[in-house]
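Colleague: I would like a close look at one helix and its charged side chains. Please take me through that part in some detail, then place it in the whole.

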Amino acid sequence: MTDGEWGGEAGDVVGRPWDEPSAEGGGDPFDDALALANGTAPPRVRPGAGPGITAVTAPYAAGGAVAAASSATGGGDAPYTPDDPFAPDDPAADRSGPSGPVDPTPPTGPGPRPTPAAVAWHTARRLAERAAPGPLAPETSALGATLGRTLAAPLTALTDLPSFDTSAMDGWAVAGPGPWRLDRPADASEAGPPSGILAGHAPTEALLDGHAIPIATGARVPSGATAVLRTEHGEVRELSDGGRRLYAPRPAPPGQDIRPRGQECRRGDQLLPAGALVTPAVLGLAAAAGYDELTAYRRPRAEVFVLGDELLDEGLPRDGRIRDALGPMLAPWLHALGVEAAAPRHLADEADTLYGALADSTADVVITTGGTASGPVDHVHPTLRRLDAEVLVDGVAVRPGHPMLLARLAPGRHLVGLPGNPLAAVSGLLTLAEPLLRTLTARRPAAPYRTPLAAAVTGHPRDTRLVPVAYRDDERHGLTAVPLRFHGPAMLRGIAAADALAVVPPGGAARGTELEILELPWSAGWSAGWTPGRSAPGDPYDPPEATGGRA
């Protein structure tokens with residue numbers, strides 16, 4: 001699947017397949033998009049425009065023709081309405097810049113700036129992935145401190161597992177065919193039943209042929225033993241001489257219920273390759289294999305700056321101010337991506353305040369929320385110019401969240417500018433922050449997969465759209481993605497109930513269409529609290545058909 005099919009324009013340089021040369025005769029797409037984002041790219045010549053006629057390639061060049069075509073082939077979707085953030089009369093939908101040539105020189109100070117051509121969504125993700133040269137330097141830490149990090153070296157067994165023959169069951173270690181004379185351990189008391197061999201205690205004597213001794217699960221099997229007879233399979237009878245004998249209804253074949261030494265691995269075996277994510281199970285395996293420390297790539301350090309004088313940290317919205325929804329969400333989300341994130345800082349809408357915070361930051365990645373557009377208190381772009389930052393992505397052809405950006409503050413330090421609307425910020429996290437952080441943490445990308453839609457989804461006329469979905473089983477299609485309601489840029493109700501986001505191409509998608517799926521970092525595959533086959537009126541899992549066909 002090419003970028004042009006998902007989020008770019010036909011003939012648009014940023015919408016072509018990643019490895020395909022540009023229409024100008026070559027060049028690295030990363031460099032092309034970087035130059036475009038920084039306003040240093042030469043004006044594009046549209047195919048068929050004729051010699052000497054130049055026009056700026058804008059991300060929305062298809063204009064109303066695409067919108068009309070998508071409305072005509074919407075697969076039963078309801079027409080656009082004024083409250084739809086992707087409606088044709090949405091002012092933000094026409095931020096395509098001037099229709100004629102523009103001066104490619106970027107402004108050096110505050111004030112209006114030319115609107116850059118938005119980068120196709122798939123291209124933006126690849127730019128973010130390639131923005132850093134590689135993962136951060138590895139370091140050796142105690143086992144618990146490596147959870148969520150990525151192994152920088154293979155995990156090699158330091159011992160055999162098990163390191164000795166071990167009993168798999170409570171019962172008796174037996175030698176040879178039965179019946180067996182039941183021995184009392186040398187260290188056992190004469191009073192009471194013999195305790196036998198317990199886990200953590202090494203037997204000191206070999207077991208003679210025809211003899212048996214009680215043994216606990218996990219205990220070391222004594223030399224001479226040929227099998228373990230489970231407690232429920234044996235019967236102990238008292239003898240006239242005061243001894244006891246163990247009987248079994250059927251023979252105990254050699255090796256029965258014994259975990260032999262080295263059954264799981266031998267010393268020196270590679271248990272996991274470099275690049276494996278350290279999960280709780282990996283910590284357990286490493287401990288069993290003899291490790292006290294692991295060498296893993298360092299976690300990136302992130303700072304989160306929440307911008308906006310209108311935001312409250314507590315209480316109910318009042319006096320025209322609203323609660324900050326992004327601050328409580330971003331640090332845990334970043335932690336789920338393998339990042340060490342401090343508590344978010346709330347900054348006033350002042351250019352010098354933002355400049356000072358960015359100039360003083362030593363974090364590997366800075367995340368800002370809001371201020372990425374061109375409003376009177378949107379200070380991110382002017383501040384980046386003051387810092388001589390290198391803009392890598394300035395606007396992405398995706399809804400919600402198109403005014404997101406990615407910049408290099410200094411070698412090894414980056415900034416991801418998220419829109420201020422909550423769901424738009426989530427879009428920015430998945431589009432720019434996650435690929436960048438994946439490179440810095442050496443995490444492998446999730447295996448791509450596609451899932452059929454349970455209902456039609458209205459698309460943006462020109463941009464890719466990210467729509468919250470929940471998984472549901474369908475008799476015809478199997479596992480399907482149900483588009484959720486409450487998906488506006490300022491809403492979190494849909495994403496809070498979602499398992500993933502579906503990547504919807506321009507023009508939308510009909511029911512049954514298989515779409516690329518982006519899972520959320522904490523998704524376990526099924527939404528908590530959802531009962532198959534049941535939904536109540538107003539439930540966010542209601543299929544869009546029940547609400548007029550709009551996702």
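Modeller: What follows deals with helix 4 and its salt bridges, then with other pairs and the chain as a whole. Please keep in mind that this is a predicted model.

Helix 4 covers residues 121-130, and seven of its ten residues are buried, so the helix is largely enclosed by the rest of the structure. The buried residues are Trp 121, His 122, Thr 123, Ala 124, Arg 125, Leu 127 and Ala 128. Two charged residues deserve attention here, Arg 125 and Glu 129. Arg 125 is among the buried residues of the helix. Glu 129 has a relative accessibility of 30% and therefore counts as partly exposed, since buried means under 20% and exposed over 50%.

Side chains of opposite charge can pair when their charged atoms come close. Glu 129 does this with Arg 438: the two form a salt bridge in which the closest N and O atoms are 2.7 Å apart. Because Glu 129 belongs to helix 4 and Arg 438 to helix 9 (residues 422-441), the pair ties together parts that are 309 residues apart in sequence. Arg 438, at 9% relative accessibility, counts as buried. The pair is also part of a network of salt bridges that links Arg 125, Glu 129, Glu 434 and Arg 438.

The structure holds 14 salt bridges, and two others can be set beside this one. Arg 230 pairs with Asp 257, with 2.8 Å between the closest N and O atoms. This salt bridge links distant parts of the chain, 27 residues apart: Arg 230 is in strand 8 (residues 227-230), while Asp 257 is in the loop between strand 10 (244-247) and strand 11 (258-259). Arg 230 is partly exposed, with a relative accessible area of 25%, whereas Asp 257 counts as buried at 17% relative accessibility.

Glu 390 forms a salt bridge with Arg 408, and here the closest N and O atoms are 2.6 Å apart. Glu 390 lies in strand 20 (residues 390-394) and Arg 408 in strand 22 (residues 405-410), so this pair ties together parts 18 residues apart in sequence. Glu 390 counts as partly exposed, at 29% relative accessibility.

As for the whole, the protein chain has ten helices and 28 strands. Of its 551 residues, 48% count as buried. Among contacts with a separation of 6 or more, 75% are between residues 24 or more positions apart. The accessible surface of the chain comes to about 25400 Å², and carbon and sulfur atoms account for 54% of that area.

Key:
Residues numbered from 1 in each chain as written. Predicted model: local features only at pLDDT ≥ 70, side-chain atom pairs only at ≥ 80, totals over all residues. Heavy atoms only, no water. Buried < 20%, exposed > 50% of the residue type's maximum accessible area, 1.4 Å probe, protein only. Helix = DSSP H or I, 4+ residues; strand = E, 2+ residues; numbered from the N terminus. Salt bridge = Lys/Arg side-chain N within 4 Å of Asp/Glu carboxyl O. Contact = heavy atoms within 4.5 Å. Areas by Shrake-Rupley, 256 points an atom, 1.4 Å probe, with all protein chains shown as cover.
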